[in-house]
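Got the viewer open and a hand free for the selection box? Let's walk through this one stop at a time.

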Number of protein chains: 4
Amino acid sequence: MRFHIQPTSSRPVYLQIVDQVKRDIALGLLLEGERLPTVRETAATLAINPNTIAKAYRQMEQEGIIVTRSGAGASVAPLESGLNKSVKKRILTEQLQRVIVDAFHMDVDQETLTQWFSQLLVQFNLKEPSDV
Amino acid sequence: MRFHIQPTSSRPVYLQIVDQVKRDIALGLLLEGERLPTVRETAATLAINPNTIAKAYRQMEQEGIIVTRSGAGASVAPLESGLNKSVKKRILTEQLQRVIVDAFHMDVDQETLTQWFSQLLVQFNLKEPSDV
Amino acid sequence: MRFHIQPTSSRPVYLQIVDQVKRDIALGLLLEGERLPTVRETAATLAINPNTIAKAYRQMEQEGIIVTRSGAGASVAPLESGLNKSVKKRILTEQLQRVIVDAFHMDVDQETLTQWFSQLLVQFNLKEPSDV
Amino acid sequence: MRFHIQPTSSRPVYLQIVDQVKRDIALGLLLEGERLPTVRETAATLAINPNTIAKAYRQMEQEGIIVTRSGAGASVAPLESGLNKSVKKRILTEQLQRVIVDAFHMDVDQETLTQWFSQLLVQFNLKEPSDV
DNA sequence: GTGGTCTAGACCACC
DNA sequence: GTGGTCTAGACCACA
């Protein structure tokens, strides 16, 4: 696994790492049980403070995305979400609404936005074993 | 215009205000040229520090959402986005991707997500060109 | 609120703080909505690094014990536990079992242990308004 | 004796082993003088680093739970606790208090907690003096 | 070797 | 003023 960090981004470095791990899992590039690079290794590769990487890992652990066994590295946890459906809907529609509103203010029409949305869905659907 | 603020939300107060103005414009509830409540009026109503409201207004002015004439308050600016299309696409697909990845980790399937997306589009479609 | 830290304890400082806040809430000494001392203030009083205090606060926030509004300090959150009952039972009986086993190995008989348990319950029951 | 280890638990593996030995002794499943499996045997069965098992045994020896005679393996020591009563009380009430506070924050009422406590006591009472 | 804790000190976002 | 992020570096617990 290779991370790509933009130090100038307003998004904190540790969240950029979280984003990328979550994306790669969703894309099927990282499979359940697969090991992530160690904190020190990642810190060295990216020339970033180990504490920052550790923070990203801690965050993912608490979100249930990965499991870390102290002294034995971190690996991808099985998919499991304890949230009930109404909460999920609230969170996701809130995010989607923000995108739609932004699109409006950028003068992007709904067809175009829907098209981009669909293209992304296709990308993230490739991970279904039988579909490939 | 009435704002609804959740002080405990992780989303900063000033961005909650920006969100709501942008949403109401996109919904056609706020029309071009319409005036927004003054900073001090809003601050009093919401019992929030005026600096916070001022920051929200400054942010919206920068984004070209509103225009403020000193002494005459703020009003909704005409829709206009100077960004070029590839930039728009990058910004919006980045946001959409994050939603899709989050949906995956919440174990929400693509059909459900697409349905929620479509429902939102309908809501924001009511105020089409001919309505203005 | 005054904290009492034992730097020599094997229990990490940040957890000692969490323990004390949770205990004081359970005792009714800290009420819902009440503000906690600021991170910097606490750090100065205890002569402990602010990051350590911040970590304790972050931990409590994620446990839902307190809410922090950036720029406006932290306060006690309303009591709410999203766990379902079987999970609660598993967690608590696991802890209780460990105490009982330890008591056995210390040669403390069950009557004595039960007595200590009851005395503690009484202490933590005083917080019911009408009982006082 | 068969150990059951959850590698993903936040409780260290070596302590899980200690927990289980102490519990089985308290339950009367392991009697004084009875021999424990060897370090290397256990390590092989559980597919765990022998150092981890050795650490668990060292810990139990220090606590006076078991005695190890070099070359002759480990066996259960006679029950004996050198602590004075006030120390025992301090240690155990500290643990009990933590359970009670946790129960409060999980919104588990005192009746329920007391019931769980009593049920556990019954389990651990089956192996009373006369049974040995 | 792994990750976890704590310190010290800088800078930023928010109110 | 508040808390959040990041860096740098020490020490410890765990496997």
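Start by selecting DNA strand E and everything around it: 22 residues are near this strand, and A:Arg40, C:Val13, C:Asn49, C:Asn51 and C:Thr52 come nearest (near means that a heavy atom of the residue lies within 4 Å of the molecule or strand). Before you click further, keep in mind that this is a predicted model, where local features need pLDDT of at least 70 and side-chain atom pairs count only at pLDDT 80 or more, while totals for chains, interfaces and linings use all residues. Residues are numbered from 1 along each chain as its sequence is written, chains are lettered from A and ligands numbered from 1 in the order in which they are written, and side-chain values use heavy atoms, with hydrogens and water left out.

**Around strand E**

Stay on strand E and color by atom group. Of its atoms within 4 Å of the protein, 66% belong to sugar or phosphate and the rest to bases. Zoom in on C:Val13, where a backbone N or O atom sits 2.5 Å from a phosphate oxygen of DNA strand E. Then hop to C:Asn51: a polar atom of this side chain is 2.7 Å from a base nitrogen of the strand. For a contact from another chain, pick B:Lys55, with a side-chain N or O atom 3.3 Å from a phosphate oxygen of DNA strand E.

Now switch to cartoon. At least two residues each of the surface near strand E come from helix H2 (39–46) of chain A, H1 and helix H3 (50–63) of chain B, and helix H1 (13–26) and helix H3 (50–63) of chain C. Helices here are DSSP runs of H or I with at least four residues, strands are E runs of at least two, and both are numbered from the N terminus. Which helix gives the most to this surface? That is H3(C), with three residues. By class, the surface near strand E has eight nonpolar, eleven polar and three charged residues (Ala, Val, Leu, Ile, Met, Phe, Trp, Tyr, Cys and Pro count as nonpolar, Asp, Glu, Lys and Arg as charged, and the others, Gly among them, as polar).

**Over to strand F**

Select DNA strand F next. There are 22 residues around this one, the closest being A:Val13, A:Asn49, A:Asn51, A:Thr52 and C:Arg40. Sugar or phosphate accounts for 64% of the strand F atoms within 4 Å of the protein, and bases for the rest.

Two side chains to show as sticks: A:Asn51 has an N or O atom 2.8 Å from a base nitrogen of DNA strand F, and C:Arg40 has one 2.7 Å from a base nitrogen of that strand. For a backbone example, go to C:Val39, where a polar backbone atom is 3.2 Å from a phosphate oxygen of DNA strand F. H3(A) supplies the largest share of the surface near strand F, three residues.

**One chain by itself**

Hide the rest and keep chain A. You should see five helices and two strands, running α-α-α-β-β-α-α from the N terminus on. The C-alpha trace spans about 50 × 40 × 30 Å along its principal axes.

**Where chain B meets chain A**

Bring chain B back. The contact (heavy atoms within 4.5 Å) takes 42 residues from chain B and 42 from chain A. Together the two chains bury about 4,600 Å², 74% of it on carbon and sulfur atoms; buried area is the accessible area (1.4 Å probe) that two parts lose on being put together, summed over both. Highlight B:His105, B:Met106 and B:Trp116, the residues of chain B that lose the most area to chain A, together 15% of what that side buries.

Next, look for charges. Four salt bridges cross this interface (a side-chain nitrogen of Lys or Arg within 4 Å of a carboxyl oxygen of Asp or Glu). One to select is B:Arg98 with A:Asp19, the closest N and O atoms being 3.3 Å apart. Another salt bridge pairs A:Lys22 with B:Asp102, at 3.3 Å from N to O. A:Lys22 lies in helix H1 (residues 13–26) of chain A and B:Asp102 in helix H4 of chain B, so this pair joins two chains.

**Last stop: the axis**

Superpose chain B on chain A, by least squares on the C-alpha atoms of residues with pLDDT of at least 70 in both. A turn of 180° and a shift of 0.1 Å along the axis lay B on A with an RMSD of 0.3 Å. The two copies are therefore related as by a two-fold rotation axis. To find that axis on screen, select B:Leu96, the residue of chain B that comes closest to it, at 3.6 Å (C-alpha).

Note on methods. A polar contact is a pair of N or O atoms within 3.5 Å; within protein, one must be able to donate a hydrogen and the other to accept it, and residues adjacent in sequence count only if both atoms are side-chain atoms.
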